[in-house]
Amino acid sequence: MNDKQLIRTLSPDTLKNWLAEHKEKPFRAQQIMSWLWQKDVHAIDDMTNIPETLRLKLQQSFIWDRTQLLSFQLSSDKTIKAVFKLYDDAIIEGVIIPSDKRMTACISTQAGCPVKCVFCATGQLKFIRNLSAGEIVDQVVDLNQLSQERFGKGLTNVVIMGMGEPLLNMENTIMAIKKITSDEGLRWSPRRITLSTVGIPEGIIRLANEHLGVNLAISLHSAIQEKREKLIPFAKKYSLVDLQTALKQYTYFTHQKITIEYLMLQDMNDSITDATALSHFASQINAKINLIPFNPIDHCNLQPSSAIKIEEFMSFFKYKNFTVRLRKGRGVDIDAACGQLANKFLKDV
Ligand code: SF4
């Protein structure tokens with residue numbers, strides 16, 4: 001089984017070549033692609049307009065890496081956290097966050113995460129592997145269906161902000177975005193998608209060059225290099241100066257406003273010195289600022305900033321005419337901080 005290729009890594013042309021080698025008609029490529037990327041089926045045997053003999057050949061040559069929704073938890077604030085099993089038994093998470101106007105899904109790009117942010121439950125998990133483009137798209141399909149079932153309406157937005165650092169799984173993330181937004185895929189507007197990254201300068205430039213049209217968010221959490229490295233050890237590889245330069249280029253090429261994500265952590269990044277550093281950083285790249293209340297996690301001493309501190313931070317940035325927003329803490333009762341549910345699930349099985 002291990003030497004079989006993932007079927008959704010095939011391009012239409014490669015699939016046509018494979019069909020020719022196996023003495024099958026080229027028009028089957030379009031039919032198979034449609035089953036793989038547009039229809040919500042889970043097995044090669046479900047491709048009802050494909051002859052049984054061809055389905056057998058496909059099964060002998062390929063793995064369909066379809067994710068499987070294992071379970072979900074519903075929070076008192078209606079946030080849903082879902083656990084998915086991958087074809088090799090790896091576990092990932094996805095979240096649905098309903099609000100008045102939006103139904104937002106938060107999806108994963110890696111099983112575990114090599115970045116190891118100290119405030120993140122996913123960072124405490126072992127890094128397993130990158131997700132395939134198909135596995136990233138499946139989360140959108142399945143969470144959309146779950147949203148329809150539970151709330152009577154589908155997703156309006158997707159944030160690529162779940163487990164993993166998307167720019168460390170660049171090719172598959174880009175391919176997944178193209179599939180979600182293309183006519184051969186889910187036909188979503190890229191404006192409804194936000195990619196969140198800890199900030200890998202070369203990845204940000206690559207993203208700009210791809211002209212995907214998605215929104216970009218940076219998990220900054222401190223605009224002071226030493227503090228940022230304490231929170232995101234991976235950030236030692238990249239200086240804030242390099243990150244800022246890449247973000248300037250991104251806005252120059254895309255004309256898009258970037259969002260800075262900033263977790264509010266007591267006595268870590270919530271002083272006036274921290275606010276001043278953040279305002280200098282953000283003003284250089286014309287960014288909006290999202291302040292995020294912290295959901296405490298196991299094995300981490302960090303605590304959430306007080307409501308008064310958060311209010312002071314908000315006032316500081318409003319006074320300086322920044323667009324600043326306080327994101328609501330959601331799903332606190334269902335382990336909704338990134339990685340918490342998968343962590344629990346992995347311990348329970
Ligand atoms: S916050 Fe994101 S980048 Fe950091 S460890 Fe968690 S999943 Fe990885």
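Two strands pair if DSSP finds at least two bridges between them. Helices (H or I, at least four residues) and strands (E, at least two) are themselves DSSP runs, numbered from the N terminus. Strand E9 (residues 157-160) and strand E10 (residues 193-197) meet this test: 3 bridges join them, and they run parallel. Val159 of E9 has Thr194 in E10 as its bridge partner.

This is a predicted model; local features need pLDDT of at least 70, side-chain atom pairs count only at pLDDT 80 or more, and totals for chains, interfaces and linings use all residues. Residues are numbered from 1 along each chain as its sequence is written.

Start with the sheet. It is open and has 10 strands, in the order E3-E4-E5-E6-E9-E10-E11-E12-E13-E14, with mixed pairing. Strand E3 (68-74) and strand E14 (324-326) stand at the edges. Each has a single partner strand, so one side of each is left without a neighbour in the sheet. From one strand to the next, the twist averages 25°. Such angles run from 0 to 180 degrees between N-to-C directions, and the axes are lines fitted to C-alpha atoms, for helices over the stretch in contact.

Now follow E5 (residues 91-98). How many of its residues are buried? The count is 8 of 8, so by definition each has 20 or more other C-beta atoms within 10 Å of its own. On the same scale a residue is exposed with 12 or fewer and partly exposed in between; C-beta atoms are placed from the backbone. Ile91, Glu93, Val95 and Ile97 point one way from E5. Ile92, Gly94, Ile96 and Pro98 point the other way. Both sets are buried.

E5 has partners in E4 and E6. Strand E4 (residues 80-85) pairs with E5 in the antiparallel sense over 6 bridges. Val83 has Glu93 in E5 as its bridge partner. The hairpin of E4 and E5 has 5 residues between the strands, and in it Asp89 takes a positive phi near 75°. Strand E6 (residues 103-107) also runs antiparallel to E5, with 4 bridges between them. Here Ile96 stands opposite Ala105 in E6. The hairpin from E5 to E6 passes through 4 residues.

Beyond E6 comes E9. E6 and E9 run parallel and are joined by 4 bridges. Thr104 has Asn157 in E9 as its bridge partner. The side chains of E9 alternate. Val158 and Ile160 point to one face and are buried, while Asn157 and Val159 point to the other and are not.

Further along the sheet, strand E11 (residues 215-219) and strand E12 (residues 259-264) run parallel, joined by 3 bridges. Ile218 stands opposite Ile260 in E12. The loop between E12 and H9 holds Asp267. Phi of Asp267 is near 55°, a positive value in a residue other than glycine. Asp267 counts as exposed because it has 10 C-beta neighbours inside 10 Å.

That loop leads to helix H9 (residues 272-285). The helix has 14 residues and reaches 20 Å from its first C-alpha to its last, close to the 20 Å expected at 1.5 Å a residue. The expected span is 1.5 Å times one less than the number of residues. Its buried residues are Asp274, Ala275, Ala277, Leu278, Phe281, Ala282 and Ile285. Why do they lie on the same side of H9? They cover an arc of only 160° around the axis, which puts them there. The arc is that of the directions from the helix axis to the C-beta atoms. An α-helix has 3.6 residues a turn, so residues three or four places apart point the same way. On the other side of H9, Ile272, Thr273, His280 and Ser283 are exposed.

Two loop residues earlier in the chain deserve a look. Lys23 is found in the loop between helix H1 (12-21) and H2. Lys23 is not a glycine, yet its phi is positive, about 55°. With 7 C-beta neighbours inside 10 Å, Lys23 counts as exposed. Pro51 sits in the loop between helix H2 (27-37) and helix H3 (52-61). Pro51 also counts as exposed, with 12 C-beta neighbours inside 10 Å. Pro51 and Arg28 are 23 residues apart along the chain, and their C-alpha atoms are separated by 9.7 Å.

Last comes the ligand. The ligand is surrounded by 12 residues; the closest are Cys113, Val115, Cys117, Cys120 and Gly123. A residue is near a molecule if its C-beta atom, placed from the backbone, lies within 6 Å of it. By class, the shell has 7 nonpolar, 3 polar and 2 charged residues. Ala, Val, Leu, Ile, Met, Phe, Trp, Tyr, Cys and Pro count as nonpolar, Asp, Glu, Lys and Arg as charged, and the others, Gly among them, as polar.
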